[in-house]
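User: Could you take a close look at the part of this model where the ligands sit, and tell me how the protein holds them? A connected account would suit me better than a list.

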Amino acid sequence: MPHSLTDKQVLKIAVLGAAGGIGQSFSMLLKTQLHTLLLPHSDKHLHVAMYDINKDAIVGTVADLSHIDTPVTLSHHFPASRDDLSALKECLADAALIVIPAGVPRKPGMTRDDLFAINAKILLQLSDGIASFCDLSKIFVLVISNPVNSLVPVMIKRLSQHASSKGSLIERRVFGLTQLDMVRASTFIQQLTGFASNATPYIPVVGGHSGDTIIPMFSQVMFKDERLPLDMEQRKSLIHRVQYGGDEIVKAKNGAGSATLSMAYAAFKITRKFVDLLLGNATSLQDTLYISLKDASGNYIAPGAQELMALINVSYFSIPVTVSTKGVTHVDSEILNRMDDYERNTLLPVCLKNLQGNIETGLNFVN
Ligand code: NAD
Ligand code: LMR
């Protein structure tokens, strides 16, 4: 006898800014792929709640996606006026995971930092909504909006100011997404070396998500169990391409925005791991995420965070982590010890100097 939807436990994923370039393509991946993560005879049901301030775009997008024949259900949410919080409340109610691509993208000639003033205001409003309408001791938040380096500090600081965050350890469950940098590193090395393989090469990328705060660790590229030999010229050109890959798309789109489809792919790669975790298919996940190393009381968020802080002396960093349903449980500070001289002595100092400025910009924005 088939279960009706009402018999099933709902796992709800909220997408904020769901009608934009990333939001639409990312939501399409959720609608078309997520149910494949459900185990046979699962008593769980997946629901994607899509919120955007653009009414026509969100209603139209959800209507369009709702014709796709998968069991993932959808709902649209838009505010009736500037001060209307009821739609955000409805969208966030009982959500387990929030993904945020809300905000303005770059145009040619702009840096990600030029987006800060406008996108920080958006993230502040959304943080207040999350603090009011979600259980901060359970919720996971993935931030896509730029500049990631500064906006994650904005969000974590604001959330931690709310009374509802007390004892919630929310700092362990809010992350900036730098997945696109790893996707690019993997793609570009395949293009450069032309090696044919069914396996996608994995290149650790640490630091932040803009320009020279991005450190792709090409010293660590393995292919068929061997270190891939790259000469310095090849490496420098690959590093530059990963660090400024976003500019390639901004230039190619010529005023029509920045990366959307590749970002949706990158966001889906990590989102499916969180959904697996939340469905109980896995007890933990491992990936690289931009995290806060300390909580609001100044305590390190997990083992490994103190060791990392001793090496970098900045409080936010993108680094391989282990995450359980309670949040980050381990920070892989060891990866920095595997850097070669060029990465440690040339790339890392520049990254840290710029990242520190970006983090301060974010923290100073929140009173
Ligand atoms: P877009 O303009 O196409 O979409 C943004 C959407 O956000 C729009 O639909 C807009 O209506 C909505 N929005 C604006 N204010 C909102 C609010 N207060 N609440 C809810 N929705 C709101 O932009 P996009 O191309 O989808 O890019 C979105 C953001 O993602 C940009 O800041 C961009 O720089 C960033 N981005 C990050 C990465 C990354 O690697 N982390 C990659 C690509 C783009
Ligand atoms: C990217 O890396 O493509 C994004 O951060 C968007 C941008 O502005 O470059």
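Analyst: Happy to. A polar contact here is a pair of N or O atoms within 3.5 Å, and with that cut-off in hand we can start at ligand 2. Please keep in mind that this is a predicted model.

The side chain of N146 places an N or O atom 2.8 Å from an oxygen atom of ligand 2, so the pair falls within the 3.5 Å limit for a polar contact. R112 does likewise through its side chain, with an N or O atom 2.8 Å from an oxygen atom of ligand 2. For H209, the distance from a side-chain N or O atom to an oxygen atom of ligand 2 is 2.6 Å. How much of ligand 2 does the protein bury? Ligand 2 exposes 260 Å² when taken alone, and the protein buries 95% of that.

Around ligand 2 you will find R106, R112, N146, L180, R184, H209, G246, S258 and A259. Sorted by character, that shell has 4 polar residues, 3 charged ones and 2 nonpolar ones.

N146 also leads us to the other ligand. An N or O atom in the side chain of N146 is 3.0 Å from an oxygen atom of ligand 1, while the side chain of N146 also has the 2.8 Å pair with ligand 2. The backbone takes part as well: a nitrogen atom of ligand 1 lies 3.0 Å from a backbone N or O atom of I144, and a polar backbone atom of G103 is 3.3 Å from an oxygen atom of ligand 1. Taken alone, ligand 1 exposes 860 Å², of which the protein buries 88%.

Which elements give two or more residues to the shell around ligand 1? They are helix 1 (21-33) and helix 4 (116-133). Helix 4 supplies the largest share, 3 residues. There are 28 residues around ligand 1, and those that come nearest are G21, I22, D52, V104 and I144. This shell divides into 16 nonpolar, 11 polar and 1 charged, whereas the shell around ligand 2 has 2 nonpolar, 4 polar and 3 charged residues.

Since you asked for a connected account, let me add the aromatic side chains. The structure holds 5 aromatic pairs. One of them joins F140 and F175, which are stacked at 6.5 Å centre to centre with 20° between the planes. F140 belongs to strand 5 (residues 140-143) and F175 to strand 6 (residues 174-176), so this pair ties together parts that are 35 residues apart in sequence. F140 counts as buried because its relative accessibility is 0%, and F175 is buried too, with a relative accessible area of 0%.

F175 also pairs with F274, this time in a tilted arrangement, with 5.8 Å centre to centre and 40° between the planes. That pair links distant parts of the chain, 99 residues apart, with F175 in strand 6 and F274 in helix 9 (residues 261-279). Like F175, F274 is buried. F140, F175 and F274 together form one aromatic cluster.

One more ring is worth a look: F188 has the charged end of R241 sitting over it, 3.8 Å from the ring centre.

How values were computed
Residues numbered from 1 in each chain as written. Chains lettered and ligands numbered in written order. Predicted model: local features only at pLDDT ≥ 70, side-chain atom pairs only at ≥ 80, totals over all residues. Heavy atoms only, no water. Near = heavy atom within 4 Å. Polar contact = N/O pair within 3.5 Å; in protein donor to acceptor, adjacent residues only side chain to side chain. Areas by Shrake-Rupley, 256 points an atom, 1.4 Å probe, with all protein chains shown as cover. Nonpolar A, V, L, I, M, F, W, Y, C, P; charged D, E, K, R; others polar. Phe/Tyr/Trp six-rings, centres within 6.5 Å; stacked < 30°, edge-to-face > 60°. Helix = DSSP H or I, 4+ residues; strand = E, 2+ residues; numbered from the N terminus. Buried < 20%, exposed > 50% of the residue type's maximum accessible area, 1.4 Å probe, protein only. Lys NZ or Arg CZ within 6 Å of the ring centre and 35° of its normal.
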